[in-house]
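Thanks for coming. I have one structure to go through, and I will keep it short.

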Amino acid sequence: MIEIMGRVVASESAGLWIEAAPGSCDGCRSHCQRQAAVFYLPTGRAGSGQALVAADSSLAMPSAAAASSQVVIGLDSGERLSILWHSLLLPLVGLLMGVSLSSIISLTDSVVMIGAILGFGIGLFFCQTQTFDKIHIKKAGN
């Protein structure tokens, strides 16, 4: 599981503003004092009862206490593999299959190029959109 420590800067009904240092800074020995990034993570639609914050529902509600909470943002290995497959590997497999099949038909550059473009497009067509519900947010220490 990949986990990043962060701090909730602001909390809204539809999401959280989280300040977190880049993951590469944890293992770095240069101590370059890179600034932490602030990003918005949706926790559900405003007005809907479904929130992505599984471990602590107080993080999804706007309050003064939640605005300074330490959180852990995580992604499981299986979900990481699914995201990798649908963002990189499926289009790459389609591209390679298109090149392979078109080179069997004809070795001219134009046919191989058209096969590569069609294979890549077919690979993109079969990709699934990934949502933010794969990301796990919980309070630090839990």
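I will take the model's basis, then a helix pair, the core and one loop residue.

This is a predicted model, in which local features need pLDDT of at least 70, side-chain atom pairs count only at pLDDT 80 or more, and totals for chains, interfaces and linings use all residues. Residues are numbered from 1 along each chain as its sequence is written, and side-chain values use heavy atoms, with hydrogens and water left out.

Helix 1 covers residues 77–105 and helix 2 residues 109–125; helices are DSSP runs of H or I, at least four residues, and strands are runs of E, at least two, numbered from the N terminus. The two helices pack at about 150°, axes 7 Å apart; axes are lines fitted to C-alpha atoms over the stretch in contact, and angles run from 0 to 180 degrees between N-to-C directions. Helix 1 and helix 2 are therefore roughly antiparallel, a term for angles over 145 degrees.

Next, the largest nonpolar core: seven residues, namely Val8, Leu16, Ile18, Leu41, Val71, Ile73 and Ile137. Such a core is a set of buried Ala, Val, Leu, Ile, Met, Phe, Trp, Tyr and Cys residues joined through side-chain atoms within 4.5 Å. Strand 2 (15–20) and strand 4 (70–75) are the elements giving two or more residues to this core.

Last, where is Ala21 placed? Ala21 is in the loop between strand 2 and strand 3 (37–42). Ala21 is partly exposed at 37% relative accessible area (buried is under 20%, exposed over 50%, partly exposed in between, with a 1.4 Å probe and protein chains only).

Technical notes: Parallel < 35°, antiparallel > 145°, perpendicular 65-115°, else oblique.
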